[in-house]
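Here is a walk through one protein structure, written for someone meeting it for the first time. Have the sequence and the 3D view open as you read.

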Amino acid sequence: MGYANQRPQSVLFEAERRRSSISSVPSPQTNPSSPVKKKRTPRWSDVWLKNTKSLEHVIVAMQLQSLSKDSHIPTPNSKTKPLLANFCKIDRTLLLSDELLLRILSKLPDSQRNSTFLVCKRWLNLQGRLVRSLGVMDLNFLLSGRLISRFPNLNRVDLVSGSLMSSRNSGILLSNRIFSMHVDSWFLPIPGVGEEIILDNMVIDRGLKTLASGCPNLRKLAFIGGSELGLLSVAEECVTLQELELHKCNDNLLRGIAACENLQILKLVGNVDGLYSSVVTDIGLTILAQGCKRLVKLELNGCEGSFDGIKAIGQCCQMLEELTLCDHRMDNGWLAGLSFCENLKTLRIMSCRKIDPNPGPDEYLSPCPALERLHLQNCQLRDRKSARALFITCGAAREIFISDCWGLVDGIFSFASHCWRVKFLSLEGCSLLTTEGLESVILQWNELQSLRVVSCKNIKESSISPALSSLFSTFKDLKWRPDSKSLLPSSLIGTHMGKKGGRFFKKTWDIKVLPGVYDHTSARQT
């Protein structure tokens, strides 16, 4: 460092000495008798002295470097002040490495971090490296390679919307419990029309291969269509894949799922009314059970099957803890296969028109030993055989949730007494259940600690017996809102609030009309 600081001074001293020596030599123009000498080649000193501005910049730069180390030493040259002011205007983030700047940006909240890409191109690339989850709306963005270059560290990708040929500019949104998409005015929700707007399987397989090669750390993936080749490419490249969502799934597609050894969460969507039709049978469920033995959560949506498929899943997937059946098309007798799921803790049955019309004799029905929670939502519970077999199979459940189920009368709900370990009960939207039907069951549950009753209009407070009232006093948690009228405060009683509109909104005809506005009441016949 000492040599570097002394070098410009020695250069200046040498330049001044040469300048004085050159000025002492008489010029040929002042002495006409002197012979004309040959023009000598330029030296480094001449070039250096001609570019005095470059020399000044070098000196100023070295002074700035010394200032950064010894900030307490004042600068003797006042010419460096404008340059120092320009130096302060330079982007200071250029001095930070990408790794350090990424750590700073990762500490920002999502609302501020998402807008940082507008600063410059460097921040645009850094912001893309922070994105982990993304839903692709256009599959061409993936096929062109721009997705991988823009977001290289993705681990959760959704390709469902990007695999549909839907109109992005349409204001009509078709929403299903599975997904949503924009459709044109000519779209008619008739059976099979959704298959026409799904991209070809070869195109989807090519997109899956591109994604797998560019995002080897993928953990969650959702796509629609495709074949077993595309799924195999994902399974081979993305070893850490843990969650998978397959729409328009069939038995052939499930052949490629055997390579997903670390898969833990799986959702299969087979048939969706009005959009597409696909079949998942016992063959596909058996392939799934033998290939994905580490499954923890499984959802079967619009899938077929029977006792054999559920049994295979219970025997092979011994780590399965949560099973969801949504709009299932299972054959009769599938409920008996649940007893083979020894570690099953949560059973969800949603949007099913039937449970199991013919479950078979009672000796084939045995409760799941580890079951803790039973969820019934938007299901048809009118069949007595199905309801009885379901509550026998879920006899070990500790928590029961029933929401918006049709046909839940007192006789159907009485089968819930087979569940002898219930600690929590939640009823919502059960309009046919009465207070007597509720009381006949919960008085038999000696371990019941919490009760939640919401929007069950036939459960009346006036029908509560002393035994039921004393039971309420022992609960740790009680939410009692069987009727919307119970929400009215006492100050509104007698004001006709909560009754039918004809009684509350009376015909007063006292309508004030602003000046210059046509009086519509004058044309009305009273």
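## A run of parallel strands

Let's start with Arg-373, whose bridge partner in strand E14 is Glu-399. This is a predicted model, so keep that in mind as you look around. Strands E13 and E14 run parallel and are joined by five bridges. Together with helix H14, E13 and E14 make up a right-handed β-α-β unit.

On to another partner of E13: strand E12 (residues 346-350) runs parallel to E13 (residues 373-377), again with five bridges between them. If you want a spot to check by eye, look at Arg-348, which has His-375 in E13 as its bridge partner.

## Further along: E15, E16 and E17

Strand E15 pairs with E16 in the parallel sense, over five bridges. One of the matched positions is Leu-427, with Val-453 in E16 as its bridge partner. To get from E15 to E16 the chain passes through helix H16 (residues 435-442), and this β-α-β crossover is right-handed.

E16 also runs parallel to strand E17 (residues 477-481), and five bridges join the two. Here Val-454 stands opposite Arg-481 in E17. The chain crosses from E16 to E17 by way of H17, in another β-α-β crossover that is right-handed. Why can we call E16 largely enclosed by the rest of the structure? Because four of its five residues are buried.

## Ser-455, just past E16

Now for a loop residue. Ser-455 sits in the loop that lies between strand E16 (450-454) and helix H17 (466-472). Is Ser-455 buried or exposed? Its relative accessibility is 46%, so Ser-455 counts as partly exposed.

Setting aside neighbours within four places in sequence, Ser-455 is in contact with Gly-429, Cys-430, Arg-481 and Pro-482. The C-alpha atom of Ser-455 is 9.5 Å from that of Asp-404, a residue 51 positions away along the chain.

## Rings that pair up

How many aromatic pairs turn up in a search of the whole structure? There are four. One of them is Phe-401 with Phe-424, a tilted pair with 5.2 Å centre to centre and 45 degrees between the planes. Phe-401 lies in strand E14 (residues 399-403) and Phe-424 in strand E15 (residues 424-428), so this pair ties together parts that are 23 residues apart in sequence. The two rings fall into separate burial classes: Phe-401 has 22% relative accessibility and counts as partly exposed, while Phe-424 has a relative accessible area of 18% and is buried. The cut-off for buried is under 20%.

Phe-472 and Trp-480 form another tilted pair, at 5.1 Å centre to centre and with 55 degrees between the planes. Both Phe-472 and Trp-480 are buried. Add Phe-475 and you have a cluster, with Phe-472, Phe-475 and Trp-480 linked by ring pairs.

## What's inside

The largest nonpolar core has 114 residues, and Leu-221 and Ile-257 touch the most other members. Helix H14 (residues 384-393) gives the most to this core, with five residues. A second, separate core has six residues, among them Leu-102, Leu-105, Leu-126 and Leu-130.

Back to Ile-257: apart from neighbours within four places in sequence, Ile-257 is in contact with Leu-231, Leu-244, Leu-246, Leu-263, Leu-266, Leu-288 and Cys-292.

## A covered helix and a buried loop residue

In helix H13 (residues 307-316), the buried residues are Gly-309, Ile-310, Ala-312, Ile-313 and Gly-314. What covers them? The cover includes helix H12 (282-291), strand E8 (297-301) and strand E11 (329-330).

Asn-271 is in the loop between strand E7 (265-269) and H12. With 14% relative accessibility, Asn-271 counts as buried. Beyond its neighbours within four places in sequence, Asn-271 is in contact with Tyr-276, Ser-277, Ser-278, Asn-301, Gly-302 and Arg-329.

## The whole thing at a glance

Stepping back, the protein has 18 helices and 17 strands. Of its 526 residues, 38% count as buried. The protein exposes about 31,000 Å², with carbon and sulfur atoms supplying 54% of that. Among contacts with a separation of 6 or more, 67% are between residues 24 or more positions apart.

Technical notes
Residues numbered from 1 in each chain as written. Predicted model: local features only at pLDDT ≥ 70, side-chain atom pairs only at ≥ 80, totals over all residues. Heavy atoms only, no water. Buried < 20%, exposed > 50% of the residue type's maximum accessible area, 1.4 Å probe, protein only. Contact = heavy atoms within 4.5 Å. Areas by Shrake-Rupley, 256 points an atom, 1.4 Å probe, with all protein chains shown as cover. Core = buried A, V, L, I, M, F, W, Y, C linked by side-chain atoms within 4.5 Å. Phe/Tyr/Trp six-rings, centres within 6.5 Å; stacked < 30°, edge-to-face > 60°. Pairing = 2+ DSSP bridges. Right-handed = clockwise from strand over helix to strand, strands pointing away.
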